[in-house]
Amino acid sequence: MLGKKRKISKHKELERAKKLEELKKNDPEKGEAIAKKEAWKAAMDRASGIKVHDDPKLIKKSIHKVKKQQEKNAEKWEERVQSRDQLKAEKQKKRSDNIAERINDKKMRKIAKREKKLLRPGFEGRKEGFINSSSG
């Protein structure tokens, strides 16, 4: 059972490609030898169907693309969280309004019931006080 080769990060690939270019500039003879070796290795890998990432320009572009995608996803997530919080607040407000309305209705029913008790059948209006009270 052979273990699968781990994919190296794009940053490391970029670093390696830059290092190779730097080596070519500083020590052309040594750089050429290493570059030739790397080129053969890349050609063999390509022939065997393995993707080779050795172009610094493309690697930079790829890193930038991934970064942009991450920023976009973060933005979407922030928006999602914000809309969720807003919805939560709206539901809470509706709930508290409904509770307040129910309490108010209960009070009004209580007042109406009390008013009804004060009205007497066979008499007009509500009971003000006793007929034979001393204030008359």
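A pocket here is an open set of grid points with protein on both sides within 12 Å along at least five of seven lines. Keep that in mind as you work through this predicted model.

**Exercise 1.** Work out what kinds of secondary structure the protein has and how they follow one another along the sequence.

*Solution.* Start with the count: you'll find three helices and zero strands. Then read along the sequence, and the pattern comes out as α-α-α.

**Exercise 2.** Find how much of the protein is buried and how much surface it exposes.

*Solution.* Take the residues to begin with: the protein has 136 of them, and 7% are buried, where buried means under 20% relative accessible area. Next, look at the surface: about 13,700 Å² is exposed, and carbon and sulfur atoms supply 55% of that area.

**Exercise 3.** Describe the second largest pocket: its space, its lining and the helices that take part.

*Solution.* Step one is the volume, which is about 170 Å³. Step two is to list the lining: Lys7, Lys10, Glu13, Val52, His53, Asp54, Asp55, Leu58, Ile59, Lys61 and Ser62. Step three is to sort those residues by kind, giving six charged, three nonpolar and two polar. Step four is to match the lining to the helices: helix 1 (10–26) and helix 3 (56–118) each bring at least two residues. Helix 3 gives the most, with four residues.

**Exercise 4.** Of the contacts with a separation of 6 or more, find what share joins residues 24 or more positions apart.

*Solution.* Set aside pairs with a smaller separation, then pick out the residues 24 or more positions apart; they account for 43% of the contacts that remain.

Note on methods: Residues numbered from 1 in each chain as written. Predicted model: local features only at pLDDT ≥ 70, side-chain atom pairs only at ≥ 80, totals over all residues. Heavy atoms only, no water. Buried < 20%, exposed > 50% of the residue type's maximum accessible area, 1.4 Å probe, protein only. Contact = heavy atoms within 4.5 Å. Areas by Shrake-Rupley, 256 points an atom, 1.4 Å probe, with all protein chains shown as cover. 1 Å grid on protein atoms, 1.4 Å probe; cavity = no way out; pocket = protein on both sides within 12 Å on 5 of 7 lines; lining within 4 Å. Points joined across faces, edges and corners; volume = space filled by probe spheres on them. Nonpolar A, V, L, I, M, F, W, Y, C, P; charged D, E, K, R; others polar.
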